[in-house]
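Trainee: Before we begin, could you take me through the reasoning behind the labels used for this structure, one term at a time?

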Amino acid sequence: METKLNKLCDESWKNLKDIIVFGYGRYGRRALSYLKKDFNIIAIIDNDIQKRDQIVDGVKVINFNDALEIIYKYNIIVTVQGFYYQEICKQLEDAGLVEHINFTTWIQFFTEWYYKYKRMICVEKTDIPITSFCSLNCKNCSVFTPYIKKKKHEKIDDIRKSVDLFFEKVDKVLDMNLYGGEPFLHPQLCEIIDILANYRDRIGYLGIITNGTIIPDEKVIDALKRYNIGISISDYTKSIDYADKLEELCRVLEYHKISITRTKNMVWFDLGFPPVKIKYNESSAKKHMEYCNMACHDLIGSKIYYCIADRAAQMEGLIAPDGKSYINLMEVDKNDLEARKEILELCAGNVEGGYLEFCKICGGYGHDNQSIIPAARQKY
Ligand code: SF4
């Protein structure tokens, strides 16, 4: 397979020092905290007028029109994904800029630039599913939780083996989250956090993704504080009546100065599965997977899966196993940079044929999925 780590042209990227960051949302903030260590940030562009003129670490947030004077002078790292990236890509191309010469995605940059010019294996994002138990029962759950017949908490020893194996082969991960189901339901969450704490200096943002229905106990709160773990709350109070509980959780976390990212007014993409309702053929599935541009990869057992939805569907027996959708870390030689590079290739979506088998029946997260639905509709 041809590498996906040769998109950035040396002439414009090799000796990079000054950059513009486009997008100051959740991913933008995390990317920025890493980028500012290695690069001079000239400006942050965001299309949201409400963010205009905010000062972030001494750098001003400006709107696209205000940036027209500088976008031709500096390379741009775009920190949004999927559908939103395609919109920004068009905006930049309409202004005469060229993808991978003048601008690129944050994921492409992080994986390719650090590999090519620093000889490091840096994965942008890998999450760890720790339980399939959940306090909600969302019909369109991205990991099909309501359709899992035998729910379980992942075992501590299995998680330890996975994490040790991962950091034997990967130098850094920028963004790593524990999720479920509902991760605060795992009775050994503190032990899981302790396992990750061994590698805390190699993880940029370490977080837990919760629906905000559970208040963690004091032991967990202490561990969150000790290891600087952020909480991403998916706020479904528009569809489900639990606002009091969620506000209480926010109060507890704020009191303990634990970082919260709370996403309100969420909408979801309907993946159209299960049962099978969508069909892409072999020639259209490749483009479909490209549009989806999946950024959430899972670490479970000895494997990293490219796509969380595909991983869940396979593991729960909803679809047939697909050998090209993961990399088995046991088979990667830790002393061989080229072998370790295969991890980056997988995370960049470089799979045989250009698509996963599941992409043929999954709506995905790209602009070709027009089925936008209210978040967290419950399955009764
Ligand atoms: S389209 Fe493919 S990559 Fe995207 S969510 Fe579906 S299975 Fe995953």
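Mentor: Between domain 1 and domain 2 the count is one salt bridge; the term stands for a side-chain nitrogen of Lys or Arg within 4 Å of a carboxyl oxygen of Asp or Glu. This is a predicted model, in which local features need pLDDT of at least 70, side-chain atom pairs count only at pLDDT 80 or more, and totals for chains, interfaces and linings use all residues. Residues are numbered from 1 along each chain as its sequence is written, and side-chain values use heavy atoms, with hydrogens and water left out.

Trainee: What makes R30 and D175 a salt bridge?

Mentor: The closest N and O atoms of R30 and D175 are 2.9 Å apart, and the limit is 4 Å, so the pair meets the definition. Salt bridges that share partners join R30, K125, D127 and D175 into one network.

Trainee: How do you know where domain 1 and domain 2 begin and end?

Mentor: The assignment gives domain 1 as 10-117 and domain 2 as 121-374, and such bounds come from an automatic or database domain assignment. The C-alpha centres of the two domains lie 25 Å apart.

Trainee: What makes domain 1 and domain 2 count as being in contact, and how many residues take part?

Mentor: Contact means heavy atoms within 4.5 Å, and 15 residues of domain 1 are in contact with 24 residues of domain 2. The area buried between the domains is about 1,900 Å², of which carbon and sulfur atoms give 63%; buried area is the accessible area (1.4 Å probe) that two parts lose on being put together, summed over both.

Trainee: Which three residues supply more than any other three of the area that domain 1 buries against domain 2?

Mentor: Those are R30, F110 and Y115, which supply 35% of that area.

Trainee: Why is D298 called buried, and what does D298 pair with?

Mentor: Buried means under 20% relative accessible area, exposed over 50%, and partly exposed in between (1.4 Å probe, protein chains only). D298 has a relative accessible area of 0%, so D298 is buried, and R311, at 6%, is buried by the same rule. D298 forms a salt bridge with R311, the closest N and O atoms being 2.7 Å apart.

Trainee: Why are D94 and K90 called exposed?

Mentor: D94 has 57% relative accessibility and K90 has 51%, and the label exposed requires over 50%, so each value passes. They form a salt bridge with closest N and O atoms 2.9 Å apart, and both lie in helix α3, four residues apart, about one turn of the helix. Helices (H or I, at least four residues) and strands (E, at least two) are DSSP runs, numbered from the N terminus.

Trainee: Why is T213 called buried, and what makes its link to S135 a polar contact?

Mentor: T213 has a relative accessible area of 15%, so T213 is buried, the limit being under 20%. The side chains of T213 and S135 make a polar contact at 2.6 Å, and the term means a pair of N or O atoms within 3.5 Å, where within protein one must be able to donate a hydrogen and the other to accept it, and residues adjacent in sequence count only if both atoms are side-chain atoms. A polar contact of 2.6 Å also joins the side chains of T213 and N211. T213 itself lies in the loop between β9 (203-210) and α7 (218-226).
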